[in-house]
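Trainee: I'm new to this one and would like a close look at a single part. Could you pick a spot and walk me through what surrounds it?

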Amino acid sequence: MDIFAVIGVFFGIGMILTGQAMEGGNLGQLLQITAAFIVLGGTTGAIILSFPAPIIKNAISMLHDVFMPPTTDYNALITEIGGFATKARKEGIIALEKEAYNASDPLLTLGLGAVADGTDPTLVRELMENQVEQLEDKVGSAAKVYESFGGYSPTLGIIGAVMGLIQVMQNLSDPSKLGAGIAVAFVATIYGLFAANLVMIPLGTRIKFIYKRVFLYKNMIMEGVLSIQAGESPVLIERKLRSFLLESEGAANNG
């Protein structure tokens with residue numbers, strides 16, 4: 001489990017509630033079911049209208065990855081590919097046909113199987129790149145769902161605020177109803193901003209960040225498979241794959 005994702009959620013919520021308590025408020029003041037229906041329900045409707053059902057389901061399933069990120073053990077991958085390269089050198093490329101099914105990643109299985117079948121290197125690359133592109137599309141669309149939720153919810157918060165003020169204006173002659181209308185107006189705005197900036201937009205950002213590591217992992221697999229097909233030595237292949245990690249660390253430091 002990614003403990004920092006959990007900490008981020010509870011820390012953000014905790015600080016907001018603490019700040020409200022320091023101002024003399026309480027949790028009950030923020031619990032407005034009417035505002036929740038308007039903002040969260042309305043935004044959910046907008047998302048359902050914006051995206052096909054498979055994309056929404058995919059976005060929901062990727063919530064798991066936020067707290068339990070996919071495994072990307074680069075060193076283990078380099079060792080595994082090195083083992084395949086050694087076997088190919090000793091026994092020939094055809095020996096990888098059976099070994100491919102025991103590979104740790106589906107992309108590695110696909111690439112090694114294609115190499116063992118004698119597929120042209122250009123086609124092998126295209127097959128693997130197609131798999132990676134499909135994953136990129138899934139990740140991008142999932143992140144877009146959360147980012148769109150974050151974009152819609154403040155607007156729905158404003159709608160809720162206006163609706164609350166309408167109720168206030170209609171009940172100016174009855175002071176007992178003014179408080180509820182004003183509460184809905186302000187709490188709806190809070191819900192919209194809260195959902196956008198503390199939950200949904202950060203979720204979209206984190207999904208994209210997590211999968212940067214996955215895409216690096218996939219690129220290493222593609223390079224490893226094509227290097228094995230080219231007949232390069234296991235030592236050279238390992239050096240090439242480790243260069244991916246050095247480039248990634250340099251980009252992170254410069255960023």
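Mentor: Let's start with K218, which counts as buried because its relative accessibility is 13%, under the 20% cut-off. Keep in mind as we go that this is a predicted model. K218 is part of helix α9, a helix that runs over residues 178-229. Which residues does K218 touch, once its neighbours within four places in sequence are set aside? They are D105, L107, V132 and L135.

Next, have a look at helix α8, which takes in residues 121-170. With 50 residues at 1.5 Å each, α8 should span 74 Å, and its end C-alpha atoms sit 73 Å apart, so the two values agree. At the N-terminal end of α8, D120 acts as a cap. A side-chain oxygen of D120 lies 2.9 Å from the backbone nitrogen of T122.

Now back to α9, the helix that holds K218, since α9 also helps to line a pocket. This is the second largest pocket, and it holds about 270 Å³ of space. Its lining is made up of 12 residues, and L30, I190, Y191, F194 and A195 are the ones that lie nearest the centre. α9 gives the most to that lining, with 6 residues, while α1 (3-22) also supplies at least two. And what classes of residue line this pocket? The lining has 12 nonpolar residues, with no polar and no charged ones.

How values were computed:
Residues numbered from 1 in each chain as written. Predicted model: local features only at pLDDT ≥ 70, side-chain atom pairs only at ≥ 80, totals over all residues. Heavy atoms only, no water. Helix = DSSP H or I, 4+ residues; strand = E, 2+ residues; numbered from the N terminus. Expected span 1.5 Å × (residues − 1). Polar contact = N/O pair within 3.5 Å; in protein donor to acceptor, adjacent residues only side chain to side chain. 1 Å grid on protein atoms, 1.4 Å probe; cavity = no way out; pocket = protein on both sides within 12 Å on 5 of 7 lines; lining within 4 Å. Points joined across faces, edges and corners; volume = space filled by probe spheres on them. Nonpolar A, V, L, I, M, F, W, Y, C, P; charged D, E, K, R; others polar. Buried < 20%, exposed > 50% of the residue type's maximum accessible area, 1.4 Å probe, protein only. Contact = heavy atoms within 4.5 Å.
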